[in-house]
Amino acid sequence: MPYTPELKELIKTVERTRPERVARKRDGGEFAMMSLDERQAILERYHPDHRGQGRRPLRVGANKGYAIPDEFADLFEARSRVEPDVVDLSAADIETDVLVIGAGGAGTAAALLAEEQGASVVIATKLRHGDANTMMAEGGIQAATKTEKDSPYFHYLDVIGGGHFKSTPELVRTLVTQAPDVLSWLEDLGMMFDKEPDGRMNSIHGGGTSRKRMHSAGDVTGMEIMRTIRDEARNRGKITVVEFVPAVELLLDETGRCGGALFYNLDTEEYFVVKAAATVLAAGGSGRLHIQGFMTTNHYGATGDGLVIGYRAGVEVCYLHTVQYHPTGSVFPEQTEGLLITEKFRGAGANLVNVNGEQFVNEREPRDVESAACIRECLDRALGVATPTGKLGVWLDSPMIDQLSGKGTVRREFPEPERDDYAVALPDGEAVEGFTALTPEGEKEYKRARIVAIARQENEIRFSVHCLAIIADENERDALIKKYRQTFIEYGQHADLAPGIPEWESIVNFCLITSRKEADDILAIAQSRAPLVADEVLDGISFFRYDLSGDANSGSDREPVTSDAASAEPDTT
Ligand SMILES: Cc1cc2nc3c(=O)[nH]c(=O)nc-3n(C[C@H](O)[C@H](O)[C@H](O)COP(=O)(O)OP(=O)(O)OC[C@H]3O[C@@H](n4cnc5c(N)ncnc54)[C@H](O)[C@@H]3O)c2cc1C
């Protein structure tokens, strides 16, 4: 759904107050930071963690009595999905020195370090290697690398303060002292950090920081980390990666030590056993449990599996009474709900403002304080911005950044490819092989997808697509059909390219939204296999049509173009 006239009117209010806010910032003026007492007060009143709702004491296990969100408690108290009689534990299917469960940043890094110590390693993961929250991290990594102004000491103080003095000192100490070395390690492996012209690392402020120490790779920092360490792991001889195999239970030996895990193969639908001298549980987070019904920025695989299987094996859990509610994500358009807007925007100076265009919190408060302030603005002060879909949000005034730091800064500093462009690929016609898409049920690999046309539009949905590709779910799909139907119909009539297809709608039933990079790949494949017969721009969308009916692509398993929408279903593996 595009911005409505009402929203456009409200944007004008933000534009009216912007010059004053920009001028204040230029003069070094800041919206006052809260005192520690003020932070505590706003957290207790508005932050979901502090309001004591939606949680209950665990009735079983190592943390019996510990009150955690209902969503966790339900899973921790549930029965195993494994029927003991169905599973044969008498022999191991795979044996290894180190088993790593999960193939995000933590799992892959652990595998590399274990391999460096001479161990044989198996990484076993639920989806593909790198389908993980790590891939989605945007803003950057904090590390005190600029020793002339910063040090692990200042970093330590910021973390302890940001954690309201409740963090575990030993863990914070390890984090701040090792962070600079970890950045060097990543760089040595080939990670491309943003750099100053003199070759030094670029760094900016993050939430709750007293020094500029956030290091990034555009606003796709996690993707760059994952690219680097996944390549490395794939190229090391003693690391084996097994994909699409969720761990469903940890296995304990007769002394109670973990001796591996039981996995479920999503392809063959069979259980199998991995026996290991050491097991690393790195199965990531739990945002997809939607604690207290909030939207999430998390990857589809983040369903708390590691926590559950660990708890079932007797491991104590900690910190589950706290959940990070990230302050900035998209609330409109509807299909972008929950997608993260990186903290880097606030670090670069973008204000959070209410419906009256007034700034209501300093943009560099710690995240929980920032989130609590947004909730207060919407619920208590009733100064939120109502979306056409009945939700409330606040504005993040990102155009300020160009005004503060020069035209083109946003485009340069936030070069996330998906932000500006997306493509709609319609199934029919050419077969694209080895195609991967992230569906509402998780990531799926398609042997073939068929394309009749590729449509691309610039600057329409911001922050829309974060991962490789998304097959629209019911709502998104409907919104897209609604939005583009007229254009599809016009295009079909205009170019007479849809003989026999009663309505374009009927072939939009497998609608794929993908990143620009993916769209370019699709286009390249189409271009290499068939002649271009139409190249149109309608309603700002570029359409490409390839003649797929001939046999220009000899040797391929391509089928002739068909108007039968049913045959447009992709083959899934
Ligand atoms: C949108 C977003 C932006 C972020 N931005 C930043 C940022 O700028 N800076 C920052 O420091 N942090 C950021 N974070 C947080 C950061 O990305 C995570 O804390 C970190 O990547 C977690 O790494 P991980 O390896 O523990 O988990 P993940 O990267 O999520 O990896 C978990 C792995 O376990 C697998 N898995 C799950 N269940 C099972 C199972 N049952 N069996 C086998 N495998 C399983 C998953 O498929 C996945 O491969 C961001 C997070 C999100 C969601």
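In which helix is the place of asparagine 133? Asparagine 133 belongs to helix 5, as the second view below sets out. This is a predicted model, in which local features need pLDDT of at least 70 and side-chain atom pairs count only at pLDDT 80 or more, while totals for chains, interfaces and linings use all residues. Residues are numbered from 1 along each chain as its sequence is written.

**View 1. The protein chain comprises 17 helices and 22 strands.** Helices (H or I, at least four residues) and strands (E, at least two) are DSSP runs, numbered from the N terminus. Of the 573 residues in the protein chain, 43% are buried; a residue is buried if 20 or more other C-beta atoms, placed from the backbone, lie within 10 Å of its own, exposed if 12 or fewer, and partly exposed in between. Two residues are in contact if their C-beta atoms, placed from the backbone, lie within 7 Å. Among contacts between residues at least 6 apart in sequence, 68% join residues at least 24 apart.

**View 2. Asparagine 133 lies in helix 5.** Asparagine 133 counts as buried because it has 20 C-beta neighbours inside 10 Å. Not counting residues up to four places away in sequence, asparagine 133 touches Gly104, Gly284, Gly285, Asn298, His299 and Ala302. Glycine 104 is 29 residues from asparagine 133 along the chain, and their C-alpha atoms are separated by 7.0 Å.

**View 3. The ligand is surrounded by 37 residues.** A residue is near a molecule if its C-beta atom, placed from the backbone, lies within 6 Å of it. Gly102, Gly104, Ala132, Gly284 and Asp305 come nearest to the ligand. At least two residues of the shell are supplied by each of helix 4 (105-116), helix 5 (133-136), helix 8 (221-234) and helix 9 (305-312). The shell divides into 15 nonpolar, 18 polar and four charged residues; Ala, Val, Leu, Ile, Met, Phe, Trp, Tyr, Cys and Pro count as nonpolar, Asp, Glu, Lys and Arg as charged, and the others, Gly among them, as polar.

**View 4. Strand 3 (residues 94-101) pairs with strand 10 and strand 4.** Two strands pair if DSSP finds at least two bridges between them. Strand 3 and strand 10 (residues 270-281) run parallel and are joined by seven bridges, with valine 274 as the bridge partner of isoleucine 94. Four bridges link strand 3 to strand 4 (residues 121-124), also in the parallel sense; here valine 100 has isoleucine 123 as its bridge partner. Threonine 96, in strand 3, counts as buried because 24 C-beta neighbours lie inside 10 Å. Leaving aside neighbours within four places in sequence, threonine 96 is in contact with Ser120, Val121, Val122, Val274 and Ala276.

**View 5. The largest nonpolar core has 54 residues.** A nonpolar core is a set of buried Ala, Val, Leu, Ile, Met, Phe, Trp, Tyr and Cys residues joined through C-beta atoms within 7 Å. Leu99, Val100, Ile101, Ile123 and Ala124 have the most contacts inside this core. Apart from it lies another core, of 23 residues, including Val353, Ala373, Val385 and Ile401.

**View 6. Helix 6 (residues 152-162) has buried residues His155, Asp158, Val159 and Gly162.** Seen down the axis of helix 6, the buried residues fall within an arc of 95°, so they line one face of the helix; the arc is that of the directions from the helix axis to the C-beta atoms. These buried residues pack against strand 5 (141-142) and helix 7 (169-189). Histidine 164, which follows helix 6, has a positive phi, near 50°.
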